[in-house]
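Biologist: I have a model open on my screen and would like to learn how to read it. Could you take me through it feature by feature?

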Amino acid sequence: MSEYYLVEKKESVAWVYLNRPEKKNAMNPPAWKDAPAVFEDLDNDPEIRAIIVAGKGEGFCAGIDLMSMVGELPELMDPAQKGGVKSKLLRKIYPLQETMTCIERCRKPVIAAVHGPCVGAGLDMITACDIRLASEVAIFSLREAA
């Protein structure tokens, strides 16, 4: 059970929905913490042959929910950003990267079905998938590169 992901198994296909449509599926702490268990369960399920990752609501993913992640990563708010602060932040980021790595590591084909906005961390997520399909209304954005 996940606070962020809604998993629906339909015959041999598992649909993994990013399920915060009221926040445009922005990734909050449960999005980062729950993914490894979700994909491990699907990877180990002999009935599942493929996984589709999609977003509920009007878009795929608005990226990181910065307001909810500040409590998890207070180092981001430190204006000095000295070595000790960056070292603490780095130790917190490695486990967060497991959210994307668990998708890449999954032995089943993982297909991203993108509609509407796919921003930042949403882009990271779809690059971990084996196949990416986009609707005509899909919009991709990486704000850090702007």
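Modeller: Happily! Let's begin with one polar contact: a polar atom of the side chain of Thr 99 lies 2.7 Å from the backbone oxygen of Trp 32. Keep in mind as we go that this is a predicted model.

Biologist: Where is Thr 99 placed, and is Thr 99 buried or exposed?

Modeller: Thr 99 is in helix α3. Its relative accessible area is 0%, so Thr 99 is buried.

Biologist: Which residues is Thr 99 in contact with, leaving aside its neighbours within four places in sequence?

Modeller: Leaving those neighbours aside, Thr 99 is in contact with Tyr 5, Met 27, Ala 31, Trp 32 and Ala 35. Trp 32 thus appears in this list as well as in the polar contact.

Biologist: How should I think about a nonpolar core?

Modeller: The general idea is that in soluble globular proteins, nonpolar side chains tend to be buried together. Here the largest nonpolar core has 36 residues, and the ones that touch the most other members are Tyr 5, Met 27, Phe 39, Ile 51, Val 53, Phe 60 and Met 125. At least two residues of this core come from each of β2 (13-18), α1 (29-44), β3 (50-55), α3 (83-105), β4 (110-114) and α4 (121-128).

Biologist: Which element supplies the largest share of this core?

Modeller: That is α1, with 6 residues. To see one core member in its surroundings, click on Ile 51. Leaving aside neighbours within four places in sequence, Ile 51 is in contact with Ala 14, Val 16, Phe 39, Leu 42, Cys 106, Lys 108, Pro 109, Val 110 and Ile 111.

Biologist: And a residue that is not hidden away? What about Met 67: buried or exposed?

Modeller: Met 67 counts as exposed because its relative accessibility is 72%, and the cut-off for exposed is over 50%. Met 67 lies in helix α2, residues 66-69. The C-alpha atoms of Met 67 and Asn 28 are separated by 8.5 Å, with these positions 39 residues apart along the chain counted as their spacing.

Biologist: Next, aromatic rings. How do I describe a pair?

Modeller: A pair of aromatic rings is described by the distance of the centres and the angle of the planes. In this model the count comes to 2 aromatic pairs. For Tyr 4 and Tyr 5 the ring centres are 4.7 Å apart and the planes stand at 85 degrees, so this pair is edge-to-face. Both Tyr 4 and Tyr 5 are buried.

Biologist: Which residues form the stacked pair?

Modeller: Trp 15 and Tyr 17, at 5.8 Å centre to centre and with 15 degrees between the planes. Trp 15 has a relative accessible area of 25%, so Trp 15 is partly exposed, whereas Tyr 17 is buried at 12%. There is a charge to look for here too: the charged end of Lys 56 sits over the ring of Tyr 17, 4.2 Å from its centre.

Biologist: How do I read the strands?

Modeller: A general point to start with: in a regular strand the side chains alternate between the two faces of the sheet. Now follow the pairings. Strand β1 (residues 5-10) and β2 run antiparallel and are joined by 6 bridges, and one bridge partner in β2 is Ala 14, paired with Lys 9. β3 and β4 pair in the parallel sense over 4 bridges, with Ile 111 of β4 as the bridge partner of Ile 52. β4 is also joined by 4 bridges to strand β6 (residues 131-134), again parallel, and there Ala 134 is the bridge partner of Val 114.

Biologist: Why is β4 described as largely enclosed by the rest of the structure?

Modeller: Because 4 of the 5 residues of β4 are buried.

Biologist: Last topic: backbone angles. Which residues have a positive phi?

Modeller: One of them is Glu 11, at about 55 degrees, in the turn of the hairpin that β1 and β2 form with 2 residues between them. Lys 24 has a positive phi of about 55 degrees although it is not a glycine, and Asn 25, not a glycine either, has one of about 60 degrees. Lys 24 is found in the loop between β2 and α1, and Asn 25 is placed in the loop between β2 and α1 too.

Biologist: Are Lys 24 and Asn 25 buried or exposed?

Modeller: Lys 24 counts as exposed, at 60% relative accessibility, while Asn 25 counts as buried, at 0%.

Key
Residues numbered from 1 in each chain as written. Predicted model: local features only at pLDDT ≥ 70, side-chain atom pairs only at ≥ 80, totals over all residues. Heavy atoms only, no water. Core = buried A, V, L, I, M, F, W, Y, C linked by side-chain atoms within 4.5 Å. Buried < 20%, exposed > 50% of the residue type's maximum accessible area, 1.4 Å probe, protein only. Contact = heavy atoms within 4.5 Å. Polar contact = N/O pair within 3.5 Å; in protein donor to acceptor, adjacent residues only side chain to side chain. Phe/Tyr/Trp six-rings, centres within 6.5 Å; stacked < 30°, edge-to-face > 60°. Lys NZ or Arg CZ within 6 Å of the ring centre and 35° of its normal. Pairing = 2+ DSSP bridges.
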